[in-house]
Amino acid sequence: MTTIDQKYAALGKQLQEMERIVVAFSGGVDSAFLLKAALEFLGPEHVLAITADSETYPVREKEEAIALAGEIGAPHIVIHTSELAIPGYAENPTNRCYFCKNSLFDHLIPIAKERGFDHVVFGAIADDLGEHRPGLQAAHEQGVRAPLLEAGIKKSEIRHLSRQFGLRTWDKPSFACLSSRIPYGEVITAHKLSMIDQAEDFLIQLGFRQVRVRQHDQVARIEVPPTELGEVVAVAETIHAKLHEIGYQYITLDLKGYRSGSMNEVLQT
């Protein structure tokens with residue numbers, strides 16, 4: 001059985017073989033760890049972190065990515081993209097993430113070439129295999145590497161190593177783009193994304209760290225960990241008032257609680 005130290009050594013060997021890399025950096029648990037490892041094995045002069053700012057990316061996440069890159073000493077730039085401008089994306093097909101990742105890599109690869117970097121890498125992990133991850137196909141087609149996945153590193157191991165290395169993202173809640181809150185087949189608009197962002201930001205301000213607001217037309221379906229359902233009920237009136245102000249007609253609480261990719265459950269029936 002491969003140990004966590006052996007996996008990290010394998011990751012380091014891969015990174016060193018790539019020599020100069022651009023890291024697609026969202027500021028999440030996985031990309032933050034990948035960036036930290038790249039700096040460790042290659043040095044900052046051989047690494048560039050790029051964050052794509054778009055309608056599907058919350059402002060709080062962008063600000064955190066900028067701060068985090070500064071904390072760990074990574075060269076970092078923010079570029080502006082628009083998923084809604086990608087043909088086919090707004091229609092929200094089940095392979096929506098393919099369009100998103102394909103467009104992201106279309107932006108990053110030319111920057112990498114222009115600045116003399118050899119590879120573009122992103123933070124896919126071993127846990128992503130077997131899940132509905134159309135973005136992996138886009139990466140494969142464009143020659144973008146996923147070093148964490150290639151080294152067989154899992155989320156639990158990333159959190160363990162991140163804590164060991166002093167990364168404050170070690171216990172950061174999982175995050176996915178705001179479009180993942182909208183059911184497949186329902187058109188994605190900037191207005192809907194803004195409503196979701198405002199609603200989730202409000203819940204986070206109330207102290208709920210792992211939270212999703214799934215939007216079903218005029219309905220907001222709130223997901224928090226099962227152990228926190230009672231805490232939502234305790235402030236239900238406050239939440240209802242704010243989300244109604246944002247634009248939701250009905251505000252509901254999912255009794256099954258938070259689970260990653262709950263919108264994909266319809267694909268399994």
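Me: How do strands S1 and S2 pair, in the parallel or the antiparallel sense?

Reply: In this predicted model, S1 (residues 21-24) and S2 pair in the parallel sense, over 4 bridges. To find the register, look at Val23, which stands opposite Ala49 in S2.

Me: Which helix goes with S1 and S2 in a β-α-β unit?

Reply: That is helix H2 (residues 29-42), and the unit is right-handed.

Me: What joins S2 to strand S3?

Reply: There are 5 bridges between S2 and S3 (residues 76-80), and these strands run parallel. You can use Ala49 again here, as its bridge partner in S3 is His76. The chain gets from S2 to S3 through helix H3 (residues 59-72), in a right-handed β-α-β crossover.

Me: Is S2 largely enclosed or largely open, and why?

Reply: Think of burial as under 20% relative accessible area. In S2 (residues 47-53), 6 of the 7 residues are buried, so the strand is largely enclosed by the rest of the structure.

Me: Where do side chains point along a strand?

Reply: As a general idea, they alternate between the two faces of the sheet in a regular strand.

Me: Which strands stand at the edges of the S5-S6-S7 sheet?

Reply: This open sheet has 3 strands and mixed pairing. S5 (212-216) and S7 (250-253) each have a single partner strand, so one side of each lacks a neighbour in the sheet. From one strand to the next, the twist averages 25 degrees.

Me: Which helices pack on this sheet?

Reply: Helix H8 (residues 190-205) touches S5 and S6, its direction making about 145 degrees with that of S5. Helix H10 (residues 236-246) touches S6 and S7, at about 135 degrees to the direction of S7.

Key. Residues numbered from 1 in each chain as written. Predicted model: local features only at pLDDT ≥ 70, side-chain atom pairs only at ≥ 80, totals over all residues. Heavy atoms only, no water. Pairing = 2+ DSSP bridges. Helix = DSSP H or I, 4+ residues; strand = E, 2+ residues; numbered from the N terminus. Axes fitted to C-alpha atoms, helices over the stretch in contact; angles between N-to-C directions. Contact = heavy atoms within 4.5 Å. Buried < 20%, exposed > 50% of the residue type's maximum accessible area, 1.4 Å probe, protein only. Right-handed = clockwise from strand over helix to strand, strands pointing away.
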